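Here's a quick briefing to read with the model open beside you. Pull up the view and follow along topic by topic.

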Amino acid sequence: MPEDYEVLIKRCYQCGTCTGACPSAKITGTFNPRKLIAYMLLGSTERVVSDDVIWLCTACHACVERCPELVYPAEVLFQLKNVATSNGKFPAGLKEEAMQIFTTGTTVALSSPIERRRKKLGLPEFPEVNVDEIQKIMELTGIDKKLEFNGTTLKEQKDEEEEKQ
Ligand code: SF4
Ligand code: SF4
């Protein structure tokens, strides 16, 4: 289990291998894990946490595979995203995705076109999802509260939406 990001970044000697391997850096041109770690080493962690650019990390772990100093840049980014989320700063899409998982147990709602395509590809029928279990996990792990929006948890929002229908 990697250490806290404060410990991890101290091992970075700014070689840039992580950025060289990072697909997000290549595509966006604005995301640069080496630079973010440099800012943190210079004492600007708060600025990095509040910068939306951290959400451009796709958690592909290419940097983790290549970093010669075991800094685990993807893990550093994970921890920064957790801090940002605890501060209530996360992309709107994240909340929508969490709500989708909370209500259906899947990241993408199963639809007839998807079912048809699965059949065409010879894939088995999609197994039934135990949504109650997923909701329980999300509540017990605190995700429900972490993604609280305007003081409303995912569960409260779902109940509100159901009441309106
Ligand atoms: S690859 Fe590792 S040591 Fe090199 S800049 Fe990235 S985090 Fe730092
Ligand atoms: S995990 Fe994030 S920082 Fe690392 S290579 Fe993938 S997108 Fe880049």
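What follows is a short tour of the domains, the two ligand sites, the core and a handful of single residues.

Bear in mind that this is a predicted model. The chain is assigned a domain 1 (5-86) and a domain 2 (92-164). Two ligands are worth a look: 13 residues surround ligand 1, and 14 residues surround ligand 2. Helix H7 (73-86) is a good place to keep your eye on, as it gives the most to the largest nonpolar core and also the largest share of the shell around ligand 2.

**Overall layout**

- The domain assignment puts residues 5-86 in domain 1 and residues 92-164 in domain 2.
- Between the C-alpha centres of domain 1 and domain 2 there are 29 Å.

**Around ligand 1**

- Of the 13 residues in this shell, the closest are Cys12, Cys15, Cys18, Cys67 and Val71.
- Helix H2 (17-21) and helix H4 (33-41) are the elements that each give two or more residues here.
- Sorted by class, the shell around ligand 1 comes out as 8 nonpolar, 3 polar and 2 charged residues.

**Around ligand 2**

- Here the closest of the 14 residues are Cys22, Cys57, Cys60, Cys63 and Ala74.
- Helix H6 (62-66) and H7 both supply at least two residues of this shell, and H7 has the largest share with 3 residues.
- The class count for ligand 2 is 11 nonpolar and 3 polar residues, with no charged ones.

**The nonpolar core**

- The largest nonpolar core is made of 22 residues, and Ile9, Val71 and Val76 have the most contacts inside it.
- Helix H1 (5-9), H4 and H7 each put at least two residues into this core, with H7 giving the most, 4 residues.
- Val71 turns up twice: it is among the closest residues to ligand 1 and among those with the most contacts in the core.
- Setting aside neighbours within four places in sequence, Val71 touches Leu8, Ile9, Arg11, Cys12 and Val76.

**Helix H7 up close**

- Does the length of H7 agree or disagree with what you'd expect for a helix? It agrees, because 14 residues at 1.5 Å a residue should span 20 Å, and the end C-alpha atoms are 20 Å apart.
- Pro73, Ala74, Glu75, Val76, Leu77 and Leu80 are the buried residues of H7.
- Those buried residues pack against H1, H2, H4, helix H5 (45-49) and H6.
- Ala74 is one of the buried residues of H7 and also one of the closest residues to ligand 2.
- Just past the end of H7, Gly88 has a positive phi of about 80°.

**Positive phi without glycine**

- Ala59 sits in the loop between H5 and H6, with phi near 60°, a positive value in a residue other than glycine.
- Is Ala59 buried or exposed? Ala59 counts as exposed because it has 11 C-beta neighbours inside 10 Å, and the cut-off for exposed is 12 or fewer.
- Tyr72 is in the loop between H6 and H7, and its phi is positive too, about 55°, although it is not a glycine.
- Tyr72 has 21 C-beta neighbours inside 10 Å, so it counts as buried; that label takes 20 or more.

**Other residues to click on**

- Leu36 lies in helix H4 and is buried because it has 26 C-beta neighbours inside 10 Å.
- Leu36 and Arg47 are 11 residues apart in sequence, with 9.7 Å between their C-alpha atoms.
- Glu96 belongs to helix H8 (residues 92-104) and counts as exposed, because 9 C-beta neighbours lie inside 10 Å.
- Glu96 and Leu147 are 51 residues apart along the chain, yet their C-alpha atoms are separated by 10.0 Å.
- Phe126 is in the loop between helix H9 (112-120) and helix H10 (131-140), and it is exposed because it has 11 other C-beta atoms within 10 Å.
- Leaving out neighbours within four places in sequence, Phe126 is in contact with Leu110 and Arg118.
- From Phe126 to Glu115, 11 residues apart along the chain, the C-alpha separation is 7.8 Å.

Conventions
Residues are numbered from 1 along each chain as its sequence is written. Chains are lettered from A and ligands numbered from 1 in the order in which they are written. This is a predicted model: local features need pLDDT of at least 70, side-chain atom pairs count only at pLDDT 80 or more; totals for chains, interfaces and linings use all residues. A residue is near a molecule or strand if its C-beta atom, placed from the backbone, lies within 6 Å of it. Ala, Val, Leu, Ile, Met, Phe, Trp, Tyr, Cys and Pro count as nonpolar, Asp, Glu, Lys and Arg as charged, and the others, Gly among them, as polar. A nonpolar core is a set of buried Ala, Val, Leu, Ile, Met, Phe, Trp, Tyr and Cys residues joined through C-beta atoms within 7 Å. Two residues are in contact if their C-beta atoms, placed from the backbone, lie within 7 Å. Domain bounds come from an automatic or database domain assignment. The expected span of a helix is 1.5 Å times one less than its number of residues.
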